[in-house]
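The following exercises introduce a protein chain through its sheets, helices and buried positions. Each task is followed by a solution in steps.

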Amino acid sequence: MAHDVFLSYCRSDTTPAEALAAELRARGLRVFQDEVGVHRFDSVSRTILAELGRSRLLLAYYSQTYPTRRACQQELITAFLAGQREGDPLRRVLVVNPERGTGHIEPIELRDARFWSPSAELRHLTEAVTRKVDELPTTIGAVDHGRVPLSLPAPGHRPPPKFVGRTAELWRLHSALHPQSATLTEGGGEPVAVVHGVGGIGTSSLVAEYARQFGATFPGGVFWLSAGDPWPEQLTAIAEALGANGNGHAADRVALALDRSREPSLWVVDGVPAGLELDEVRRLLSPHPTAASVLTTTDASYAELGTGVPVPELPAAQAIKLVLNQVETLAPGDRESAHKLVDAVGGHPGALLDLAGSARSAGLDSVRRRLFSRDWPVLEATAKRLLAEVDAAGDAGLDVLRAVAAFAPEPMPLPVLDGLGPVGLAVDRLARQSVVRLVGGGALEVPAVVAHVIGTAIPIRRGTSGSARPRWPAAASGTTSRWTNASGRRRSGSRSSWRTGFPCGRWAAAACGRRSPPCTASSRSPGSSCGNAAPIRRSASVRSRSA
């Protein structure tokens with residue numbers, strides 16, 4: 001049986017959705033709604049997808065909860081892509097918005113389109129639905145949805161099996177790659193998306209999940225390259241897989257093969273390092289205009305090449321879910337422990353997965369209790385990755401991070417940096433690594449996980465004698481061999497109740513003054529620090545630059 005309307009809604013919105021369905025049926029419309037078990041599970045069953053395929057229009061009851069339900073998003077994506085393949089992504093979708101604002105509605109095209117509110121007369125809504133249905137002679141299932149794309153080089157990059165959240169970012173990525181369909185994008189623009197965020201935030205996983213959910217949009221294939229691997233070899237492998245053998249540059253052979261195909265494809269370059277010239281980055285983009293390009297990086301400045309898609313920390317509820325999803329059997333108190341872990345390191349997926357990995361053998365409660373221990377560094381992998389990114393900014397960068405971390409979770413006013421001397425270059429490098437970010441035009445802040453690492457695992461440069469020794473067990477190799485721990489201890493479970501060690505001066509006094517009496521030059525010898533904070537020994541090069 002064919003349906004005029006497929007009503008898509010969350011289980012928590014059942015009562016208003018049923019009232020809406022009754023009104024539509026009273027107008028003579030054939031409405032399908034899952035009356036048995038609305039999204040009891042994370043994914044849509046084949047039966048529900050079949051009923052969606054037999055419907056002409058999807059009507060989304062788009063509450064605040066709607067974008068957090070994976071099943072709702074699967075339904076919406078199916079209808080949206082059907083309309084997009086017909087030339088209008090809004091052709092198969094109408095929205096009822098019960099909220100006061102529109103910020104929760106994704107994709108942005110739906111915000112730009114006309115939507116309906118339950119406070120309006122239902123008569124007007126039902127009339128709009130009826131007109132829309134009359135414009136659709138076929139069902140959603142009758143639209144050619146395309147085939148699952150081929151991933152090259154095989155086997156391709158797969159998303160995590162239990163991907164959590166990121167609804168807004170997935171839709172923003174899709175809009176960035178289809179600027180000709182985004183009604184709010186002027187002039188169309190280039191189909192280039194720069195997915196950026198601090199290391200370990202999950203940019204690669206986001207793009208892999210996008211390829212899984214929206215892959216039918218790219219029947220020509222998904223090409224996944226790593227910026228850290230030899231470039232000619234990767235291009236050659238793709239050219240050969242596309243049957244473009246022979247002489248000539250591999251990029252030219254790939255371009256010719258894509259030109260012959262003329263099918264939309266996706267060109268992903270993963271892990272583009274920060275600090276490159278834009279011309280260097282531009283050479284990594286797709287060699288043919290039929291292939292939309294995605295770059296993953298920590299460097300937001302590359303967004304000049306297309307559209308930036310920032311990847312922030314996960315909201316607390318999703319971060320807790322990510323941790324609990326990794327634990328096979330929950331013990332009493334595990335939910336509370338997961339909540340406290342998220343409170344300590346924020347919604348940083350890399351850090352949370354590190355902690356969850358340790359919890360598989362030790363338990364979440366044990367990981368929580370040892371999170372601030374210097375003898376068992378449960379965040380060693382995350383800390384080493386962040387330290388490697390900080391290293392490019394040198395001594396001045398470390399000083400900046402320690403000062404900003406002292407204010408966490410509040411932003412640090414920029415004038416606090418005055419006492420550090422010329423640190424503009426260091427701040428710029430840290431910002432290009434997404435380790436610090438400018439907020440409100442006059443303050444700096446760091447992600448919670450950075451503040452945690454700075455406060456518990458790092459940080460002071462060792463002196464010229466080399467007597468200081470790192471306490472990370474594996475810190476004796478690679479970048480972290482030049483770091484050692486501060487002696488200060490965390491004073492309580494709140495991030496705002498501890499401070500890192502830093503030298504006294506105008507900026508240090510300002511930082512310390514937030515939590516203790518201001519420092520005074522007469523009360524302390526030059527170079528000493530406040531309270532339990534350990535002093536920083538600056539290198540001669542930094543001292544000379546500051547002079």
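**Exercise 1. A covered strand**

In this predicted model, strand β6 is covered on both faces: V192, V194 and H196 on one side and A193 and V195 on the other are all buried.

Task: Determine how many residues of β6 are buried, and which strands β6 is bridged to.

Solution.
Step 1. Five of the five residues of β6 are buried, and the strand is mostly covered.
Step 2. In a regular strand, side chains alternate between the two faces of the sheet. The division of β6 into V192, V194 and H196 on one side and A193 and V195 on the other shows its two faces.
Step 3. Five bridges connect β6 with β9, and these strands run parallel. Within this pairing, V194 has L295 of β9 as its bridge partner.
Step 4. Four bridges connect β6 with β10, also in parallel. Here V195 has V309 of β10 as its bridge partner.

**Exercise 2. The sheet of six strands**

Task: State the order of the strands in the open sheet of six, and identify which strands stand at its edges.

Solution.
Step 1. The order is β5-β7-β8-β9-β6-β10, with parallel pairing.
Step 2. The edge strands are β5 (151-152) and β10 (307-310), each of which pairs on one side only.
Step 3. Inside the sheet, β8 (residues 265-272) and β9 (residues 291-297) run parallel and are joined by six bridges. L266 stands opposite A292 of β9.
Step 4. Helix α7 (residues 203-214) packs on this sheet and touches β6 (192-196), β7 (222-226), β8 and β9. The direction of α7 makes about 155 degrees with that of β9.
Step 5. Helix α8 lies across β5, β7 and β8, and runs at about 160 degrees to β7.

**Exercise 3. Two packed helices**

Task: Decide whether α8 and α9 are roughly parallel or roughly antiparallel, and describe their contact.

Solution.
Step 1. Helix α8 (residues 231-241) packs against helix α9 (residues 250-261) at an angle of about 30 degrees, and their axes are 8 Å apart.
Step 2. Angles under 35 degrees count as roughly parallel. The two helices α8 and α9 are therefore roughly parallel to each other.
Step 3. The crossing in which α8 passes α9 is left-handed.
Step 4. From α8, the contact involves P232, L235, T236, I238 and A239; from α9, it involves A250, A251, R253 and V254.
Step 5. By class, the residues of this contact are seven nonpolar, one polar and one charged.

**Exercise 4. The sheet of three strands**

Task: Explain why one side of β11 and of β12 is left without a neighbour in the sheet.

Solution.
Step 1. The open sheet has the order β11-β13-β12, and its pairing is antiparallel.
Step 2. Strands β11 (412-413) and β12 (437-439) stand at the edges with a single partner strand each, so one side of each has no neighbour in the sheet.
Step 3. Between β11 and β13 (residues 443-445), which run antiparallel, there are two bridges. P413 stands opposite A443 of β13.

**Exercise 5. A residue in a loop**

Task: Classify Q433 as buried or exposed, and list the residues that Q433 touches.

Solution.
Step 1. Q433 lies in the loop between α17 (424-432) and β12.
Step 2. The relative accessibility of Q433 is 16%. Buried means under 20%, so Q433 counts as buried.
Step 3. Leaving aside residues up to four places away in sequence, Q433 touches V198, A274, T298 and E389.

How values were computed:
Residues numbered from 1 in each chain as written. Predicted model: local features only at pLDDT ≥ 70, side-chain atom pairs only at ≥ 80, totals over all residues. Heavy atoms only, no water. Axes fitted to C-alpha atoms, helices over the stretch in contact; angles between N-to-C directions. Parallel < 35°, antiparallel > 145°, perpendicular 65-115°, else oblique. Left-handed = near helix turned anticlockwise from the far one by under 90°. Contact = heavy atoms within 4.5 Å. Nonpolar A, V, L, I, M, F, W, Y, C, P; charged D, E, K, R; others polar. Pairing = 2+ DSSP bridges. Buried < 20%, exposed > 50% of the residue type's maximum accessible area, 1.4 Å probe, protein only.
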